[in-house]
Amino acid sequence: MKKAVWCGAIAAAAIALCSTPAFAQATATGSVTVTANVNAKAKLTLGAASVTFNDADPDVTPLLTATSALSVDVKARTAAASTVTLTVQAGGDLDNGSATIGINNLTWAATGTNFVAGTMATTASTLASYAGGGNFSGLQTYRLVNSWNYATGTYTATITYTLTAP
Amino acid sequence: MIGSRRLLAAVLVWTAAAPAARAAAQASTATLSANVGTIAKLNLSTATASFPDADPDAVPQIPTSSGPILITAKSRANPGILVVLTLQAADDLRSGVNIIPASNITWTATGAGFVGGTLSKVAPVTVATWTGSGVRTGSQQLYFRNLWTHPTGTYTVSLLYTLSAP
């Protein structure tokens, strides 16, 4: 009987000595690899779909100004070192069906970061450019040379805006 | 008569001897010790998470394509002691030389003890806290802040979850 008591006491002591203290900190970890895909994008918003010039005396107003400035909002995402470009290009000269006005008589002034003034052509002309992505807004004000030589009529031309984010 | 006296004497002798027999029995006790130590175990439903590309105007906060991460945290701790699950980014999101700060990843969470937060590479951010031992489950939905200014690329970052049971 004494032997049984001693065996029990020794076993209890052994358990106590070999066990981990209750106050030891336990930690477990896990990891997740996250991937984010960021692709190139371009978004262009024009404040109006048409621009109008009113008639005027060429001596008084040799340079006509459009009745309202055109707002241009540009959003683009591209590589950090790439250049975002906004160009304008005329489909042809101003045309009234029987006579034309050379499209190079159409110019513009511009306000807004990265926007520049220019002269319209049937090839692409830069209206704005900047490195990397981001949002930019500008105002483009068209002007048309007013000449006594123009045949009367209502002239139209289509201008195409192209935003490129390579 | 003599026979009756002898029987009485024999009974008395037996009665007197009986207590002596009980006193000879040995009483003993054994102390049983069950040690319950601190332990922590963490299970994440996935080891990878991916944010698809999207239009920043349409989806300003992109959720992971695979949905929420399911988290199971098992821990044994002393009563009243706080068990904490934290998350820390190993770095910012990187795509070659391009960097998007880790803070562009945020999360919402469901489940008792779980809270929303913003990722950091500088310090662990709490995902969940509980008191004492138990098995806890929750879900964590990661979001990527989608900006036009992010340079294009495929970005990766490793997230480290740590479950601590003091």
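Two strands count as paired if DSSP finds at least two bridges between them. In this predicted model, strand 5 (residues 83-90) of chain A and strand 10 of chain A are joined by six bridges. The two strands run antiparallel. One place to see the pairing is A:V84, which stands opposite A:Y130 in strand 10 of chain A. Strands of a sheet pair through backbone hydrogen bonds, and the arrangement can be parallel or antiparallel.

The pair belongs to an open sheet of three strands in chain A, in the order 10-5-12. The pairing in this sheet is antiparallel. Strand 10 (125-131) and strand 12 (159-164) of chain A each have a single partner strand, so they stand at the edges, and one side of each is left without a neighbour in the sheet. On average, neighbouring strands of this sheet are turned by 10° against each other, direction ignored.

The next feature is a pocket. The largest pocket holds about 820 Å³ of space. Its lining consists of 32 residues, and those closest to its centre are A:V51, A:F53, A:L94, A:L144 and A:Y155. Two elements give two or more residues to this lining, namely strand 11 (134-145) and strand 12 of chain A. Strand 11 of chain A supplies the largest share, three residues.

A:L144, one of the residues closest to the centre of the largest pocket, lies in strand 11 of chain A. Is A:L144 buried or exposed? Its relative accessible area is 8%, and the limit for a buried residue is under 20%, so A:L144 is buried. Leaving aside neighbours within four places in sequence, A:L144 is in contact with A:F53, A:P62, A:L63, A:L64, A:L94, A:N105 and A:L106. Among these contacts, A:F53 and A:L94 also appear in the group closest to the centre of the largest pocket. A:L144 and A:A28 are 116 residues apart along the chain, and their C-alpha atoms are separated by 73 Å.

Elsewhere in chain A, A:N114 lies in the loop between strand 8 (106-111) and strand 9 (118-119). A:N114 is not a glycine, yet it has a positive phi of about 80°. Its relative accessibility is 27%, so A:N114 counts as partly exposed.

Now turn to chain B. Chain B has one helix and twelve strands. Along the sequence the pattern is α-β-β-β-β-β-β-β-β-β-β-β-β, with the helix ahead of the strands. Of the 166 residues in chain B, 37% are buried. Among contacts in chain B with a separation of 6 or more, 77% are between residues 24 or more positions apart.

One residue of chain B leads back to chain A. Where is B:T152 found? B:T152 is in the loop between strand 11 (134-145) and strand 12 (153-165) of chain B. Its relative accessibility is 17%, so B:T152 counts as buried. Not counting residues up to four places away in sequence, B:T152 touches A:V38, A:N39, A:A40, A:R77, A:T78, A:A79 and B:N98. With A:A79 there is a polar approach as well: a polar atom of the side chain of B:T152 lies 3.1 Å from the backbone nitrogen of A:A79.

Note on methods: Residues are numbered from 1 along each chain as its sequence is written. Chains are lettered from A and ligands numbered from 1 in the order in which they are written. This is a predicted model: local features need pLDDT of at least 70, side-chain atom pairs count only at pLDDT 80 or more; totals for chains, interfaces and linings use all residues. Side-chain values use heavy atoms; hydrogens and water are left out. Helices (H or I, at least four residues) and strands (E, at least two) are DSSP runs, numbered from the N terminus. Axes are lines fitted to C-alpha atoms, for helices over the stretch in contact, and angles run from 0 to 180 degrees between N-to-C directions. Buried means under 20% relative accessible area, exposed over 50%, partly exposed in between (1.4 Å probe, protein chains only). A polar contact is a pair of N or O atoms within 3.5 Å; within protein, one must be able to donate a hydrogen and the other to accept it, and residues adjacent in sequence count only if both atoms are side-chain atoms. Contact means heavy atoms within 4.5 Å. On a 1 Å grid over the protein atoms alone, a cavity is a set of points where a 1.4 Å probe fits but cannot get out, and a pocket is an open set with protein on both sides within 12 Å along at least five of seven lines; lining residues have an atom within 4 Å of a point. Grid points are joined across faces, edges and corners, and a volume is the space filled by probe spheres set on the points.
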